[in-house]
Amino acid sequence: MNFHVMTLFPEMIEQAMSVSITGRAMKAGHISVNAVNIRDYAQNKHNRVDDYPYGGGAGMVMQAAPVYRCYEDIVKKNGAARVVYLSPQGKVFSQEMAQEYAKEDNLIFLCGHYEGIDERVLEEIVTDYVSIGDYVLTGGELPALVMMDTIARLVPGVLNNEVSAQTESFSEHLLEYPQYTRPEEWHGKKVPPVLLSGNHKLLKEWYREQSVIRTAKNRPDLLEKAELTEKERHLAEQILQQKTE
Ligand code: ADE
């Protein structure tokens, strides 16, 4: 997976991606991160990339031309790819969308700043409008990082443990079960005995049950899409009942 990021703050992208699991994935060649500074395509004395909005109003707008030249350069060097514009007006990002994006070889992210980007260049180059949630950030860099981090861990080889990407929160529309490690007792709290039993059938049942309980408690909206057995549905209803009491 090759990520290309059009940004005014390339160092923010590079620094965040170069640590931890994504950093290791870059070194191992599973992913690459090409942060391109839109300002390098300004072609004016002060490298300005923004201007006042037509019609007036607060804030500045990023101009179409430098964004377009930056895009053309990326496509010339790497070929055409989906262009994701990070915006609160986009479709809200999800694990399912991440799985789709993870199938691509190249992805281009466009990070806006100020009050936005001239609509005409968005019309010409953007294929996907994506938001990371219903709140407003100062720019698209953090949302792009959120997306790249989520997508990168789905790229084969990035996680040591292939199963962990599958058996986790949001797979099957359920949240992940709780985890424990040594010591067996801490602050008077014991690890659930089933985890020490070595009985795989019991373990699997317990994981599943805990996922259902957690989802009913914290994210009941997810349960609509989850495929539950009769018994699990009953358990979820009990939890929901307790919440309203
Ligand atoms: N830019 C500013 N806020 C954003 C959000 N919530 N999602 C994506 N891009 C953004």
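1. Helices (H or I, at least four residues) and strands (E, at least two) are DSSP runs, numbered from the N terminus. With those labels, Pro 183 falls in the loop between α7 (162–166) and β8 (185–186). The model is a predicted one.

2. The peptide bond at that loop proline deserves a look. Arg 182 and Pro 183 are joined by a cis peptide bond, with omega at about 5°.

3. A second backbone feature concerns Asn 47. Asn 47 is not a glycine, yet its phi is positive, at about 55°. Asn 47 sits in the loop between β2 (32–37) and β3 (50–51).

4. On the ligand site, the surrounding residues include Leu 86, Ser 87 and Pro 88. Also among them are Val 130, Ser 131, Ile 132, Gly 133, Tyr 135, Val 136 and Leu 137. Gly 139 and Pro 143 complete the list. By class, the shell around the ligand has 8 nonpolar residues, 4 polar ones and no charged ones.

5. Polar contacts to the ligand involve backbone atoms. At Ile 132, a backbone N or O atom is 3.0 Å from a nitrogen atom of the ligand. A polar backbone atom of Gly 133 lies 3.1 Å from a ligand nitrogen atom. For Tyr 135, the distance from a polar backbone atom to a nitrogen atom of the ligand is 2.7 Å. The ligand taken alone exposes 260 Å², and the protein buries 95% of that.

6. Which elements give two or more residues to the shell around the ligand? They are β5 (82–92) and β7 (128–131). β5 gives the most, with 3 residues.

7. On helix packing, the axes of α1 (residues 10–17) and α6 (residues 141–152) come within 10 Å and cross at roughly 30°. Angles under 35 degrees count as roughly parallel, so α1 is roughly parallel to α6. The crossing of α1 past α6 is right-handed.

Notes
Residues are numbered from 1 along each chain as its sequence is written. This is a predicted model: local features need pLDDT of at least 70, side-chain atom pairs count only at pLDDT 80 or more; totals for chains, interfaces and linings use all residues. Side-chain values use heavy atoms; hydrogens and water are left out. A residue is near a molecule or strand if one of its heavy atoms lies within 4 Å of it. A polar contact is a pair of N or O atoms within 3.5 Å; within protein, one must be able to donate a hydrogen and the other to accept it, and residues adjacent in sequence count only if both atoms are side-chain atoms. Accessible areas come from the Shrake-Rupley method with a 1.4 Å probe; for residues, only the protein chains shown count as cover. Ala, Val, Leu, Ile, Met, Phe, Trp, Tyr, Cys and Pro count as nonpolar, Asp, Glu, Lys and Arg as charged, and the others, Gly among them, as polar. Axes are lines fitted to C-alpha atoms, for helices over the stretch in contact, and angles run from 0 to 180 degrees between N-to-C directions. Angles under 35 degrees count as roughly parallel, over 145 as roughly antiparallel, 65 to 115 as roughly perpendicular and the rest as oblique. A crossing is left-handed if the near helix is turned anticlockwise from the far one by less than a right angle, and right-handed if clockwise.
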